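Me: I've got a model open and want to check how its labels are earned. Can we go through them one at a time?

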Amino acid sequence: EKADFERLLRDGARRSRSGYTFFVATRAEGPPRLGILISRKHAARASVRNQIKRCIREAFRLEQAALGALDVLVRPPYGARPGATMLGRLRELFSGLS
C-alpha cells in the first residue's frame, strides 16, 4: 500500500550499497514486499526505466525466499544500466539484507 511505503521512506532503515539505496523495515509476518523508486533522472527513456524495474523485480523474485517478512524500497543509482550485471549485483545486495 502507498501509506506503507511512505512510512518506509520516512522511518525505514536506510542502507546504501553500490549506489543503490535500500529502505528496509521488518513486519511481524507475511511475504516480503518490494517497492521501486525510479524517476526520469535515472533514465530519460521510459523503456530503459522499465528495464531497470524488471531487473530489480527479477532479482527480488529470485532472492525473496530468504528475506522473510521484509518491506524493501529500492532506489537504483542514476545512470544504472539494466542487464545481467545489474541483476547479479542486485541479487547479492538483496541476499545481504536478510
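Me: How many bridges join β2 to β4, and do they run parallel or antiparallel?

Reply: Six bridges join the two strands, and β2 and β4 run antiparallel. Within that pairing, Phe22 sits opposite Val74 in β4. Bear in mind that this is a predicted model.

Me: Fine, predicted. What is the mean pLDDT of the protein chain, and where is confidence lowest?

Reply: The chain averages 93, with 100% of its residues at 70 or more. Confidence is lowest in helix α1 (residues 2-11), where the mean is 89, and highest in α2, at 96.

Me: What makes β1 and β2 a pair?

Reply: The cut-off is at least two bridges, and β1 and β2 have five, in the antiparallel sense, so they count as paired. One of the facing positions is Arg14, which stands opposite Phe23 in β2. The two strands form a hairpin with two residues between them.

Me: What is the phi of Ser18 in that turn, and is Ser18 buried, partly exposed or exposed?

Reply: Phi is near 55°, a positive value in a residue other than glycine. For background, most residues other than glycine have a negative phi. As for accessibility, Ser18 is at 44%; partly exposed runs between 20% and 50%, so that is the label Ser18 gets.

Me: Why is β2 called largely enclosed?

Reply: Five of the seven residues of β2 are buried, so the rest of the structure largely encloses this strand. Buried here takes a relative accessible area under 20%. Phe22 of this strand has plenty of company: leaving out residues up to four places away in sequence, Phe22 touches Ala13, Arg14, Arg15, Val72, Leu73, Val74, Leu90, Leu93, Phe94 and Leu97.

Me: Which residues touch the most other members of the largest nonpolar core?

Reply: Phe22, Leu90, Phe94 and Leu97, out of 20 residues in that core. The elements giving two or more residues to it are β2, α2, β4 and α3. The largest share, six residues, comes from α2.

Me: How do you know that the span of α2 agrees with what its residue count predicts?

Reply: At 1.5 Å a residue, its 18 residues should span 26 Å, and the end C-alpha atoms are 26 Å apart, so the two agree.

Me: Why are the buried residues of α2 said to be on the same side?

Reply: In α2 the buried residues are Val48, Arg49, Ile52, Cys55, Ile56, Ala59, Phe60 and Glu63. They cover an arc of only 130° around the axis, which puts them on the same side of α2. The general logic is that an α-helix has 3.6 residues a turn, so residues three or four places apart point the same way. In this model, the buried residues of α2 pack against β3, β4 and α3.

Me: And α3: what makes its buried residues line one face?

Reply: The buried residues of α3 are Met86, Leu90, Leu93, Phe94 and Leu97. Looking down the axis of α3, they fall within an arc of 100°, so they line one face of the helix. The face turned away from that buried side carries the exposed residues Ala84 and Thr85. The partners that the buried residues of α3 pack against are β1, β2, β3, α2 and β4. On length, α3 (residues 84-97) has 14 residues and reaches 20 Å from its first C-alpha to its last, close to the 20 Å expected.

Definitions and conventions:
Residues are numbered from 1 along each chain as its sequence is written. This is a predicted model: local features need pLDDT of at least 70, side-chain atom pairs count only at pLDDT 80 or more; totals for chains, interfaces and linings use all residues. Side-chain values use heavy atoms; hydrogens and water are left out. Helices (H or I, at least four residues) and strands (E, at least two) are DSSP runs, numbered from the N terminus. The expected span of a helix is 1.5 Å times one less than its number of residues. Buried means under 20% relative accessible area, exposed over 50%, partly exposed in between (1.4 Å probe, protein chains only). The arc is that of the directions from the helix axis to the C-beta atoms. Contact means heavy atoms within 4.5 Å. pLDDT is the predictor's confidence in each residue, from 0 to 100. A nonpolar core is a set of buried Ala, Val, Leu, Ile, Met, Phe, Trp, Tyr and Cys residues joined through side-chain atoms within 4.5 Å.
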